[in-house]
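Notebook open, structure loaded. I'll jot down what I look up as I go.

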Amino acid sequence: MGSERTTVSFDRTVGELVAEDYARAAVFAEFGIDFCCGGDRSVARACAEAGVQPEAVGQALAALGRSDPQRPDPRGWSLGRLTDHIVTTHHANVRRMIPHLRQWTATISRVHGQRHPELHEVERLASDLADDLEKHMLDEESRLFPLISRLDEPAGGDAAQRARPGALIETLEDDHAHAGALARRLREVTDHYVTPSDACSTYTATFALLKEFEEDLHRHVHLENNILFPRARARWARGAAAVSSAPAHDRTGARSG
Ligand SMILES: [Fe+2]
Ligand SMILES: [Fe+2]
């Protein structure tokens, strides 16, 4: 990370700024600004909604300096590389953590629930989040991602272009908002994952896992909501424009740029 300071325009969206440099995600989170599901709002609007001064957020962002040019930038990846990365990294992380999440939250709810009744809600929330994400990831992997990654391929581009699954993307975005709300509630109920003085090692490990799960979910949803879905939508929109402007007899062969 360089030491040169940089300023940001408050008119730009939160999602764009985080896509440019993921280090900014921590600053937005610190100010209570949702950069995943609320990434399409301008910094000015997000600050107003969170009740914080844009100047304070701007100073904290500027203090980060310029992003590391060596850091991989997913905005430059092909759509196929991006979907592969999401599946092999974030979907794999969710699937790796879910069995522990279910088992450990059930254990601490049973063992410590009498002294800490909030753990019953933690167990319910973790179970709902796991159920929702398991179905959601299957929808992405079986229905949307194959179409998106085919937009990269000359041979598969036409069929993928014709699909235009706008409603499916909206449903998946709604899933993200619902998962985000469950994760926020988990953070509230656990008082930001702070364990009490009588916590055993399973209790401590469960809260550490919940925190890791939430951080991975934020990055995962950010990649989809702020980078993958807007790029796919833009490709479909360009394809639709190309079809509507082509002569009628050429329309079956129209392809986006
Ligand atoms: Fe995903
Ligand atoms: Fe998703």
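Started with α3: its buried residues are V43, A46 and C47. For the record, buried is 20 or more other C-beta atoms within 10 Å of a residue's own, exposed is 12 or fewer, partly exposed is in between, and the C-beta atoms are placed from the backbone. Helices are DSSP runs of H or I with at least four residues, strands are E runs of at least two, and numbering goes from the N terminus.

Next I looked down the axis of α3: the buried residues fall within an arc of 100°, so they line one face of the helix. The arc is taken over the directions from the helix axis to the C-beta atoms. That fits the textbook: an α-helix has 3.6 residues a turn, so residues three or four places apart point the same way. The cover over the buried residues of α3 includes α1 and α4. Just past α3, G51 has a positive phi of about 70°.

Housekeeping: this is a predicted model, where local features need pLDDT of at least 70, side-chain atom pairs count only at pLDDT 80 or more, and totals for chains, interfaces and linings use all residues. Residues are numbered from 1 along each chain as its sequence is written, while chains are lettered from A and ligands numbered from 1 in the order in which they are written.

Whole chain: I find nine helices and zero strands. Of its 257 residues, 29% count as buried.

Then the largest nonpolar core (buried Ala, Val, Leu, Ile, Met, Phe, Trp, Tyr and Cys residues joined through C-beta atoms within 7 Å). It has 52 residues, and V14, L129 and I148 touch the most other members. Helix α6 gives the largest share, twelve residues. Domain 1 (14–63) and domain 2 (79–256) each supply at least three residues; those bounds come from an automatic or database domain assignment.

I followed I148 further: beyond its neighbours within four places in sequence, it contacts L79, T83, L228 and A232. Contact here is C-beta atoms, placed from the backbone, within 7 Å.

Also in α6 is S127. I asked myself: is S127 buried or partly exposed? S127 is partly exposed, because 16 other C-beta atoms lie within 10 Å. Its C-alpha is 7.9 Å from that of L101, 26 residues away in sequence.

Last, α8. Its 24 residues should span 34 Å at 1.5 Å a residue, and the end C-alpha atoms are 35 Å apart, which agrees; the expected span is 1.5 Å times one less than the number of residues. Buried residues in α8 include H176, G180 and L186. Right after α8, D191 has a positive phi of about 50°.

Notes. Two residues are in contact if their C-beta atoms, placed from the backbone, lie within 7 Å.
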